[in-house]
Structures are given as C-alpha cells and as structure tokens.
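Visitor: I should be grateful for a close look at a single part of this structure. Please describe how its helices pack together, in terms suited to a first-year student.

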Amino acid sequence: MERLDTFRDIAPYRGQDFLDAVARVKQNKAGIGEILASVVPKEQRLTLPGLAEKTAYVLEQLDHVENYDDFQRTITAGVFLPMILENSVDAFTISGTEHLDSESSYLYVSTHRDIILDCALIDLALAKEGQMLCEMAIGDNLLLNEFVTDL
C-alpha cells in the first residue's frame, strides 16, 4: 500500500477519489457544455443543435457513473466520441479485435497524433467489442485546471 500512496498524485482516480471527481465535474455545467461544443467545428459551435440537451444528458448519465469503466463507456464512448467522429471523419473502422483475449491485459502504443484522442478512440473500439478498456498517461502540463484533470 505504501508504494501506491507514493504515486497517488499521478495515479488514476479510484473509489472515493473517482466519485469526488465526478461530483466536481457535475458542478461545472458550463464546462461540460464547452467541452461538448469543442468537439465540433468552430463555425458550428454557436448553432450546435441540442447542446443544452446533450449537456443535460451528460449530467444525468453522470448520476449513474460509479467508476472509470462506466465513465469511459457511458460518457466518452457514449457521447463525446460519437460527436467527434460525426463531425470529423467519414468512417471509423476497427479490425483485429477478434484476436484479443478478454482475460489478458495489453499495452497499446499510439503514434501520438493526439495524446487524448488516440487513447479515447482505442477505448471506443474496445468498448464496441466488449473488451477491457485502457487507461491513458498524459503529462501534467496538459492538466490546465481541476475540471480538465477530473475529466
């Protein structure tokens, strides 16, 4: 246990730390709306249909999120990534997941095109196939404030 405490400041949220982070995110309705708006092209942001409804939906879903896996499947893969894909690519395809053993762990390495989106898209592919999701490691220089850190 001592070793885990040594790295607590850079460890992923677990247990009560996770629930506390979700509670803080829920308190920032405007931040959620800004994140949702940021996944569409700038020229569409002011006219984004359903932004208030999508924000309300995310807030409602956060009431049911109990751990990292729930958050990734429900919020990231359930809301944010579909919006990103809808507004940025013609197709998103995956292959090779049939070779994954759901009882094994894997190390995924991306080409670092987008430090957060790479991992999120891997998670989307894994979620679609019912596989265990991955966790990402990013530099604290990208964690601009508590809201971003919690997300």
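**Helix α6 and its partners**

Guide: The crossing of α5 and α6 is right-handed. This is a predicted model. Two packed helices are described by the angle between their axes and the distance between the axes. For α5 and α6 the angle is about 170 degrees, and the axes lie 10 Å apart. Because angles over 145 degrees count as roughly antiparallel, α5 is roughly antiparallel to α6. On the α5 side, the residues that meet α6 are K54, Y57, V58, Q61 and L62; their counterparts in α6 are F71, T74, I75, V79 and M83. Sorted by character, the residues of this contact comprise 7 nonpolar, 2 polar and 1 charged.

Helix α6 also packs against α7: their axes come within 9 Å and cross at roughly 105 degrees. This angle makes α6 roughly perpendicular to α7. From α6, the contact draws on Y68, Q72, R73, T76, A77, L81, I84 and L85, while α7 contributes L117, A120, L121, D123, L124 and A127. Here the division is 10 nonpolar, 2 polar and 2 charged.

The largest nonpolar core has 23 residues, of which I32, L36, V58, L62, V65 and I75 touch the most other members. At least two residues of this core come from each of α2 (15–26), α3 (29–38), α5 (51–62), α6 (68–88) and α7 (115–128). The greatest contribution is that of α6, with 9 residues. V58 offers a detailed view: leaving aside neighbours within four places in sequence, V58 is in contact with I32, L36, I75 and V79. In soluble globular proteins, nonpolar side chains tend to be buried together.

Technical notes: Residues are numbered from 1 along each chain as its sequence is written. This is a predicted model: local features need pLDDT of at least 70, side-chain atom pairs count only at pLDDT 80 or more; totals for chains, interfaces and linings use all residues. Side-chain values use heavy atoms; hydrogens and water are left out. A nonpolar core is a set of buried Ala, Val, Leu, Ile, Met, Phe, Trp, Tyr and Cys residues joined through side-chain atoms within 4.5 Å. Buried means under 20% relative accessible area, exposed over 50%, partly exposed in between (1.4 Å probe, protein chains only). Helices (H or I, at least four residues) and strands (E, at least two) are DSSP runs, numbered from the N terminus. Contact means heavy atoms within 4.5 Å. Axes are lines fitted to C-alpha atoms, for helices over the stretch in contact, and angles run from 0 to 180 degrees between N-to-C directions. Angles under 35 degrees count as roughly parallel, over 145 as roughly antiparallel, 65 to 115 as roughly perpendicular and the rest as oblique. A crossing is left-handed if the near helix is turned anticlockwise from the far one by less than a right angle, and right-handed if clockwise. Ala, Val, Leu, Ile, Met, Phe, Trp, Tyr, Cys and Pro count as nonpolar, Asp, Glu, Lys and Arg as charged, and the others, Gly among them, as polar.
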